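Work through the exercises below with the sequence and the 3D view open. Try each task before you read its solution.

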Amino acid sequence: VKKSPNPLTAMKAGCIAGAVEATVVWPMEFIKTQLQLQSKTKGVKLPYSGMVSGITYTVRTTGFFSLYRGLAPTLIGSVPKAGIRFGLNAVIKEKIRGKDGKLTPGKNFVAGLCAGVSEALVIVAPVETVKTKCIELNKSFFGGLKHIMKTEGIGGVYQGAVATALKQGSNMGLRFMWFNEYKIYVTEDGKKQLTPIMGLIGGMSAGCFSTLGNNPFDVIKTRMQGTKAAQYKNTLDCFNQILTKEGVGAFYAGVVPRLSRVVPGQGIIFMSFETIQEWLKTNFPAFESDS
């Protein structure tokens, strides 16, 4: 009888991979968030319009290390976030796997969706809120947290939680669905070993697919977590205001810098995850399977 994969292996591999990925691609995430926070209403001129000009402007005006502003709360959240994501995804996949042991794209999407919503509510919503405030107000992690507690109270930490759950759930659903189908194809359904390069390419393509599919949710989430979130009654109102005042194109604000951050980032995290997971299985028998 084939033993089920040990979810603990996926969780530990995910934790390590999450920390690696967050650190490597943070400057791109920083610029993406800045672009999305800049509303184009009332004729406000943006100081930059893209990734290269954004990095150049930031380094010139506030210094190189300011590109890493907001990284602290993200790193604090990245380890448990990725652990929950990969670990819970593994658990759910085993629960909904068919009698033949296979998973349809739809089931892979559901497993990713549930894992994404869970990580959003437990980790991502509070961490992303603090991160957004840190970037927008040019404050440190504790400075941003102090500002939230002083102006909004403890509830302010969960500002935009619904939008975050929608964004993260759809993100992970699309991402895991794509990667699992890709993995089946390139390994001929497990007959071949997934190499690090295969994992890198698969993760990058999954990142591209999920970003193009759910960027509107990401824009809404960012607006709901910004300092001007009070102008929106709720997530739906935020959607309606952006659509009526700024047009459909506003939902794809920051998509290029987001792609430049997500695509290599997901390549790194999926490659790291698959490599670390195999290493754990090979070197530590306890991680090999769940009897």
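## Exercise 1: The chain as a whole

Among contacts in the chain between residues at least 6 apart in sequence, 78% join residues at least 24 apart. Keep in mind that this is a predicted model.

**Task.** Find how many helices and strands the chain has, and describe its overall dimensions.

**Solution.**

Step 1. Count the elements. The chain holds nine helices and zero strands. Read from the N terminus, the order is α-α-α-α-α-α-α-α-α.

Step 2. Compare the radius of gyration with the globule rule. The chain has a radius of gyration of 19 Å, and the rule gives 19 Å for 291 residues, so the chain is as compact as a globular protein of that length.

Step 3. Look at the extents. Along the principal axes, the C-alpha trace spans about 65 × 35 × 35 Å.

Step 4. Turn to burial and surface. Of the 291 residues, 49% count as buried. The accessible surface is about 13800 Å². Carbon and sulfur atoms account for 66% of that surface.

## Exercise 2: A salt bridge between two helices

**Task.** Which residue forms a salt bridge with Arg261? Work out which helices the pair ties together.

**Solution.**

Step 1. Find the partner. Arg261 pairs with Glu21, and their closest N and O atoms are 2.6 Å apart. That is within the 4 Å cut-off for a salt bridge.

Step 2. Place both residues. Arg261 sits in helix α9 (residues 255-283) and Glu21 in helix α1 (residues 7-37), so the bridge ties together parts that are 240 residues apart in sequence.

Step 3. Check burial. Buried means under 20% relative accessible area. Arg261 has 10% relative accessibility and counts as buried. Glu21 is buried too, at 7%.

## Exercise 3: More salt bridges

**Task.** Examine the pairs Glu188 with Lys192 and Lys281 with Glu278. Are Glu188 and Lys192 buried or partly exposed? How many salt bridges are there?

**Solution.**

Step 1. Take Glu188 and Lys192. Their side chains meet in a salt bridge at 3.2 Å, N to O. Glu188 is partly exposed at 41% relative accessibility. Lys192 is partly exposed as well, at 45%.

Step 2. Take Lys281 and Glu278. Here the N to O distance is 3.9 Å. Lys281 and Glu278 are three residues apart in helix α9, so about one helical turn separates them. Lys281 is partly exposed at 25% relative accessibility, and so is Glu278 at 30%.

Step 3. Look for shared partners. One network joins Glu21, Glu29, Lys32, Lys131, Lys167, Asp218, Arg258 and Arg261 through salt bridges.

Step 4. Give the total. The count comes to 15 salt bridges.

## Exercise 4: Cysteines without a disulfide

**Task.** How many disulfides does the structure have? Explain why Cys114 has no bond to Cys15.

**Solution.**

Step 1. Search the whole structure. The result is zero disulfides.

Step 2. Test Cys114. The closest cysteine sulfur belongs to Cys15 and lies 20 Å from the sulfur of Cys114, which is too far for a bond. The cut-off for a disulfide is 2.5 Å.

Step 3. Describe the setting of Cys114. This residue lies in helix α4 (residues 105-137). Its relative accessibility is 33%, so Cys114 counts as partly exposed. Leaving out residues up to four places away in sequence, Cys114 touches Leu88 and Ile92. Arg85 is 29 residues from Cys114 in sequence and 9.0 Å away in space, C-alpha to C-alpha.

Step 4. Add Cys208. Cys208 is partly exposed, with a relative accessible area of 29%.

## Exercise 5: A nonpolar patch and a glycine

**Task.** Which residues form a nonpolar patch on the surface? Then place Gly213 in its helix.

**Solution.**

Step 1. Name the patch. Leu236, Phe239, Leu243 and Val248 make it up, with about 360 Å² of accessible area together.

Step 2. Locate one member. Phe239 is in helix α8 (residues 235-246). Phe239 is partly exposed, at 31% relative accessibility.

Step 3. Move to Gly213. Gly213 belongs to helix α7 (residues 196-225). With 47% relative accessibility, Gly213 counts as partly exposed.

Step 4. Relate Gly213 to Ala17. The two are 196 residues apart in sequence, and their C-alpha atoms are 24 Å apart in space.

Technical notes. Residues are numbered from 1 along each chain as its sequence is written. This is a predicted model: local features need pLDDT of at least 70, side-chain atom pairs count only at pLDDT 80 or more; totals for chains, interfaces and linings use all residues. Side-chain values use heavy atoms; hydrogens and water are left out. Helices (H or I, at least four residues) and strands (E, at least two) are DSSP runs, numbered from the N terminus. Buried means under 20% relative accessible area, exposed over 50%, partly exposed in between (1.4 Å probe, protein chains only). The radius of gyration is taken over C-alpha atoms; the globule rule is 2.2 Å times the number of residues to the power 0.38. Contact means heavy atoms within 4.5 Å. Accessible areas come from the Shrake-Rupley method with a 1.4 Å probe; for residues, only the protein chains shown count as cover. Patches are made of residues with over 30% relative accessible area and no salt bridge: like charges are joined within 9 Å, nonpolar side chains (Val, Leu, Ile, Met, Phe, Trp, Tyr) within 5 Å.
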